[in-house]
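Please walk through the model below, moving from its nucleic acid contacts to the protein chains and then to a few single residues.

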Protein chains: 2
Amino acid sequence: MQQANLRTSVGYKPVNLENESVQRILRAAMRVWTRDGYYGASLKDVASEAGVAKSLLHYHFQSKEHLLIELQAQWCRMVARAVRSRIEEGPPSVAAALDALDQVWNAMVATRAQLPFAFDLWRESETNLAIRERLVAFDHELRALIADGIRRTLGHTKLALPVERAAALVHTVLDGFSLRLWLDEDLAKTRRIFDDFKTLFLAALVPSGGDR
Amino acid sequence: MQQANLRTSVGYKPVNLENESVQRILRAAMRVWTRDGYYGASLKDVASEAGVAKSLLHYHFQSKEHLLIELQAQWCRMVARAVRSRIEEGPPSVAAALDALDQVWNAMVATRAQLPFAFDLWRESETNLAIRERLVAFDHELRALIADGIRRTLGHTKLALPVERAAALVHTVLDGFSLRLWLDEDLAKTRRIFDDFKTLFLAALVPSGGDR
DNA sequence: AGTATTGGACTGGCCGGCCAGTCCAAAGCG
DNA sequence: CGCTTTGGACTGGCCGGCCAGTCCAATACT
């Protein structure tokens, strides 16, 4: 599986990620921008949330945009780690696939509060090449993770679709659920739809019914 | 099928939608905000795109927010009309369902350029109650449209899922494809995933294979 | 030891610029 | 005449960015 390039500030003045203030600023920015959006919250808001002078932001980060880029790198790492850790090893089976999907669901629910931030990120990526490239790489990494999960749990059986195409479909569907997790306040209802998806999808993908 | 309340400016000073300048302003706002986002584009930008004095915006619309609300109403009407017109009558069958899905796909592709605007709208709805209510109503209308399409094309057969739950699932998956239509530049690739979805979904939903 | 120097971390305050919104006088126009 | 439109001046406020300067611990020098 490829490891996407999520390195930090390549070509820019480095940011000292060990510095405690830097971490506080990053955490504060995540909170504030998650709540009010990248455009809706000013650097002043971020600074006061971090309990720090606004000037310090510019001391550590070249600009608001660079702060966003650093934060994006950290966010991608976190989400990728969360998803990866949920795709566990185990005896391949349809049950394992169901379980893996549930785990990914849990990861999505756990990070659902940050979804608005993710969408701002994609929005920004339309005009910001640095953001764009990283997000595309991250997207590929996620898809590879999904393909990996399918291969591990169902790779031994005959599937109605090649693994890559199945992964692409799952990826797209998961995007849809991300959206609904953001838009709908009723988590239980969305969860029920997700269960329907699991059932229908696996029934269609593994025609034989697997090795149950 | 319920008709969502998409009336305009309830409780506010009315906006003369017949006025030609108003329409030009609305169209310009759609173009500009689609391109640069609601926050990224100023009223000055909208005015110059419309070839109109900035004061005229304030003459016809109370504020930037009210312009957004009017635009949202128009956008919801348009999308709903586009989708509704694609769910055609005809002899119910699996083939008809496939065709209806294709039609919805076409509507989504046709309006894909406006998806960023739609996301800004949802983003704004987090803090703007007027926007929020209309979007929720619109969401319900869309889901009802989907349920209607399923009922019309497949209602006569035994389905693996109740119509409402199937509609909810389709709705969610379509959201996912909307996202991918926005994020991916490669339309053909996304289209292939959509075809896979159609096949797998209908195979699982209509176990008997329908009345083919 | 005592002093000088360095350099990173941090701050408060300021600036130019943009923006939404207001107001108005004047002009077009049916 | 009333409705529409223009263009410009103006305001109050916020924002990103910049800068001069403080603090302090570590280091170097005598």
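How do the residues of the surface near DNA strand C divide into nonpolar, polar and charged? They divide into five nonpolar, eight polar and four charged, where Ala, Val, Leu, Ile, Met, Phe, Trp, Tyr, Cys and Pro count as nonpolar, Asp, Glu, Lys and Arg as charged, and the others, Gly among them, as polar.

Before going further, some conventions. This is a predicted model, in which local features need pLDDT of at least 70 and side-chain atom pairs count only at pLDDT 80 or more, while totals for chains, interfaces and linings use all residues. Residues are numbered from 1 along each chain as its sequence is written, and chains are lettered from A and ligands numbered from 1 in the order in which they are written.

The surroundings of DNA strand C comprise 17 residues, and the closest are A:S21, A:A53, A:S55, B:S42 and B:S63; a residue is near a strand if its C-beta atom, placed from the backbone, lies within 6 Å of it. At least two residues each come from α3 of chain A and from α2 (43–50), α3 and α4 of chain B. Helices here are DSSP runs (H or I, at least four residues), as strands are (E, at least two), numbered from the N terminus. With four residues, α3(A) gives the most to this surface.

DNA strand D is surrounded by 16 residues, of which the closest are A:S42, A:L43, A:S63, B:S21 and B:S55. The elements that each supply at least two residues to the surface near DNA strand D are α2 (43–50) and α3 (54–60) of chain A together with α3 (54–60) of chain B. By class, the surface near DNA strand D has five nonpolar, eight polar and three charged residues.

Turning to the protein itself, chain A contains nine helices and zero strands. The C-alpha trace of chain A spans about 65 × 35 × 30 Å along its principal axes. Of its 212 residues, 36% count as buried, meaning that 20 or more other C-beta atoms lie within 10 Å of a residue's own (exposed: 12 or fewer; partly exposed: in between; C-beta atoms placed from the backbone). Among the contacts in chain A with a separation of 6 or more, 69% join residues 24 or more positions apart; two residues are in contact if their C-beta atoms, placed from the backbone, lie within 7 Å.

Between the protein chains, 28 residues of chain A are in contact with 27 residues of chain B. On the chain A side, the elements that give two or more residues are α6 (115–125), α8 (163–183) and α9 (187–205). The largest share, 11 residues, comes from α8(A). This side of chain A divides into 19 nonpolar, three polar and six charged residues.

How are the two copies related? A turn of 180° and a shift of 0.1 Å along the axis lay chain A on chain B with an RMSD of 0.2 Å, the superposition being by least squares on the C-alpha atoms of residues with pLDDT of at least 70 in both. That is the relation of a two-fold axis. The same surface serves both copies, as 96% of the contact residues of chain A recur in chain B. A:G176 comes closest to the rotation axis among the residues of chain A, with its C-alpha at 1.7 Å.

A single helix of chain B can be followed in more detail. The 17 residues of helix α5 (residues 94–110) of chain B should span 24 Å at 1.5 Å a residue, and the end C-alpha atoms are 24 Å apart, which agrees; the expected span is 1.5 Å times one less than the number of residues. In α5(B), the residues B:A97, B:A100, B:L101, B:V104 and B:W105 are buried. They cover an arc of only 145° around the axis, which puts them on the same side of α5(B); the arc is that of the directions from the helix axis to the C-beta atoms. An α-helix has 3.6 residues a turn, so residues three or four places apart point the same way. The cover over the buried residues of α5(B) includes α4 (64–86), α7 (129–154), α8 (163–183) and α9 (187–205) of chain B. On the face turned away from the buried side, α5(B) carries the exposed residues B:N106 and B:A110.

Two further residues lie outside the helices. B:G155 lies in the loop between α7 and α8 of chain B and is partly exposed, with 13 other C-beta atoms within 10 Å. Not counting residues up to four places away in sequence, B:G155 touches B:P92, B:I150 and B:V163. A:V15 sits in the segment before α1 (20–36) of chain A, and A:V15 is buried, with 20 other C-beta atoms within 10 Å. A:V15 and A:H66 are 51 residues apart along the chain, and their C-alpha atoms are separated by 9.8 Å.
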